[in-house]
Amino acid sequence: MMTRRFFGLLAAVAAAFLPSRAASQTTNAPRRLQDDIPIAAQWISKALQSSGYRADFTPQSISEVERFFREQTKDGEPISGRLMSEDLGLRLFALGSYCGEVLRRELGGHPRSIARKLSSRR
């Protein structure tokens, strides 16, 4: 199935761009969540679009994320052989990142201001 191959390819590309834990440990650079979120959101947007979902970062596109979940899961579990049946953690993180990016863009937030708020809570 073409979309499964495309999702697999995108997962490989995302893994290449998202810093690995080993790489961040050897460079002493801490892995920062705020850096991964926009990358994951963009990745899942392209993956969703390739599978026929409108993922254009508009508030209306959240209903497409809901449709994706309805079509790819049953009773809260991924349907075997469908898009959520592989790399579940990566895809859930990316979908959450996408929804967060939609909200941030709609409400006029800036990624750095959100990062400052997150770090001040520690």
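**Close-up views of salt bridges and helix α5**

**View 1. Glu-101 forms a salt bridge with Arg-105.** The closest N and O atoms of this pair are 3.6 Å apart. The model shown here is predicted. Both residues belong to helix α5, which covers residues 88-107. Glu-101 and Arg-105 are 4 residues apart, so about one helical turn separates them. How exposed is each partner, Glu-101 and Arg-105? Glu-101 is buried, with a relative accessible area of 7%. Arg-105 counts as partly exposed, at 42% relative accessibility. Elsewhere, salt bridges with shared partners link Glu-64, Arg-67 and Glu-71 into one network.

**View 2. Glu-71 and Arg-67 pair within helix α4.** Their side chains meet in a salt bridge, at 3.2 Å from N to O. Helix α4 runs over residues 62-72. The two residues lie 4 apart in this helix, about one turn. Is Glu-71 buried or partly exposed? Glu-71 is partly exposed, with a relative accessible area of 31%. Arg-67 is also partly exposed. The value for Arg-67 is 23%. Because buried means under 20% relative accessible area, Arg-67 at 23% does not count as buried.

**View 3. Arg-32 and Asp-35 form a salt bridge.** How far apart are the closest N and O atoms of Arg-32 and Asp-35? They are 2.8 Å apart. Arg-32 is partly exposed, with a relative accessible area of 35%. Asp-35 is partly exposed as well, at 31%. How many salt bridges does a search of the whole structure find? The search finds 6. The Arg-32 and Asp-35 pair is a salt bridge in this model.

**View 4. Helix α5, its length and its buried residues.** The helix has 20 residues. At 1.5 Å a residue, α5 should span 28 Å. The C-alpha atoms at its ends are 28 Å apart, so the expected span and the model agree. Which residues of α5 are buried? They are Arg-91, Ala-94, Leu-95, Ser-97, Tyr-98, Glu-101, Val-102 and Arg-104. Glu-101, the salt-bridge partner of Arg-105, is one of these buried residues.

**View 5. Gly-108 sits just after α5.** What phi does Gly-108 take? Its phi is positive, about 80°. Helix α5 itself covers residues 88-107.

Conventions:
Residues numbered from 1 in each chain as written. Predicted model: local features only at pLDDT ≥ 70, side-chain atom pairs only at ≥ 80, totals over all residues. Heavy atoms only, no water. Salt bridge = Lys/Arg side-chain N within 4 Å of Asp/Glu carboxyl O. Buried < 20%, exposed > 50% of the residue type's maximum accessible area, 1.4 Å probe, protein only. Expected span 1.5 Å × (residues − 1).
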